[in-house]
Amino acid sequence: MTVTLIWIAVGLFAIGLYLSWTAGRLDRLHARIDAARAALDAQLLRRASVAQELATSGVLDPAASIVLYEAAHAARQAEEEQREVAESELSQALRAVFNEPDQVEEVRGAPGGEEAAEELAQAVRRVPMARRFHNDAVRAARALRRHRTVRWFRLAGHAPFPLAFEMDDEPPVALADRATN
């Protein structure tokens, strides 16, 4: 009788330890998602700021400046529900303005253009990486939250279900080439 109670206690302790470990792991994944989202937001803001600064610098032709400025402004001012669309539109505007290497060379030839082109190329390159880190963390948390144990014991608590950030982040070819040089 005592041996049975000891085995039951050991079994319950092992189950409790597993549940505690799983809840801690889920909590760490949610913290990783929050950190990755903050990094993604910072990179998106940096990209929009650099694009907006370049659009107002007078280096680009007026039509390209207007297209780039409006897309960058919309991306910076977008509400959370519209953010993915606004950021995708900024990516499309960047591709439209910098679809030719000649345009990047023209920017580089202007006073202060070398630094502006380099900064924009770096910002454009970092956005897909930050988005990939965020979406990888979301994918890992979703996989863990789908386990029956997590659902049955409600180990996720009241944390919202993590959502991936889906956007068009394809860089302009001329800037992507510039970022790798």
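Is D41 buried, partly exposed or exposed? With 25% relative accessibility, D41 lands in the partly exposed class. The close-ups below come back to this residue and then move on around the chain; keep in mind that the model is predicted.

**View 1. The whole chain, with an eye on confidence.** Mean pLDDT for the chain comes out at 92, and 97% of the residues reach 70 or more. Helix α3 (residues 83–97) has the highest confidence, with a mean of 96. At the other end sits helix α7 (residues 173–180), where the mean drops to 67, the lowest in the chain. A word of caution goes with that: where pLDDT is low, the predicted coordinates should not be read in detail.

**View 2. D41 and R83 pair up between two helices.** The side chains of D41 and R83 form a salt bridge, with 3.1 Å from N to O. D41 belongs to helix α1 (residues 2–56) and R83 to helix α3, so this pair ties together parts that are 42 residues apart in sequence. The partners sit in different accessibility classes: D41 is partly exposed at 25%, while R83 is buried at 12%.

**View 3. R95 reaches a loop residue, D168.** Here is another salt bridge, between the side chains of R95 and D168, at 2.5 Å from N to O. R95 is in helix α3 and D168 in the loop between α6 (148–152) and α7, so the bridge links parts that are 73 residues apart in sequence. Both ends are partly exposed: R95 has a relative accessibility of 24%, and D168 has 22%.

**View 4. A salt bridge within helix α4, and a wider network.** E105 and R108 meet through their side chains in a salt bridge of 2.8 Å, N to O. This one stays local, as both residues lie in helix α4, 3 residues apart, or about one turn of the helix. E105 is partly exposed, with a relative accessible area of 43%, and R108 is partly exposed too, at 27%. Elsewhere, salt bridges that share partners join R37, D41, R47, E80, R83 and E87 into one network. The full tally is 11 salt bridges.

**View 5. Q103, tucked away in helix α4.** Q103 sits in helix α4 (residues 101–109). Its relative accessible area is 13%, so Q103 counts as buried, the cut-off being under 20%. What does Q103 touch once its neighbours within four places in sequence are left aside? The contacts are L60, D61, V97 and F98.

**View 6. The largest pocket and its lining.** This pocket holds about 200 Å³ of space. Its lining is made up of I33, D34, R37, E80, E81, E84, H134, V138, P162, L163, A164 and F165. Which helix gives the most to this lining? That is α1, with 3 residues. Helices α1 and α5 (113–145) each supply at least two of the lining residues. By character, the lining splits into 6 nonpolar, 1 polar and 5 charged residues. R37 and E80, both named in the lining, also turn up in the salt-bridge network.

**View 7. L40, fully packed in.** L40 lies in helix α1 and is buried, with a relative accessible area of 0%. Setting aside neighbours within four places in sequence, L40 is in contact with V127, A130, R131, H134 and F165. H134 and F165 are also among the residues lining the largest pocket. For a sense of scale, the C-alpha atoms of L40 and L144 are 22 Å apart, with their positions 104 residues apart along the chain.

**View 8. A140 and L29, far apart in sequence.** A140 is part of helix α5 and is partly exposed, at 29% relative accessibility. A140 and L29 are 111 residues apart in sequence, yet their C-alpha atoms are 7.4 Å apart in space.

**View 9. R154 and its positive phi.** Most residues other than glycine have a negative phi. R154 has a positive phi of about 50 degrees, although it is not a glycine. R154 is found in the loop between α6 and α7. Is R154 buried or exposed? At 69% relative accessibility, R154 is exposed.

How values were computed:
Residues are numbered from 1 along each chain as its sequence is written. This is a predicted model: local features need pLDDT of at least 70, side-chain atom pairs count only at pLDDT 80 or more; totals for chains, interfaces and linings use all residues. Side-chain values use heavy atoms; hydrogens and water are left out. pLDDT is the predictor's confidence in each residue, from 0 to 100. Helices (H or I, at least four residues) and strands (E, at least two) are DSSP runs, numbered from the N terminus. Buried means under 20% relative accessible area, exposed over 50%, partly exposed in between (1.4 Å probe, protein chains only). Contact means heavy atoms within 4.5 Å. A salt bridge is a side-chain nitrogen of Lys or Arg within 4 Å of a carboxyl oxygen of Asp or Glu. On a 1 Å grid over the protein atoms alone, a cavity is a set of points where a 1.4 Å probe fits but cannot get out, and a pocket is an open set with protein on both sides within 12 Å along at least five of seven lines; lining residues have an atom within 4 Å of a point. Grid points are joined across faces, edges and corners, and a volume is the space filled by probe spheres set on the points. Ala, Val, Leu, Ile, Met, Phe, Trp, Tyr, Cys and Pro count as nonpolar, Asp, Glu, Lys and Arg as charged, and the others, Gly among them, as polar.
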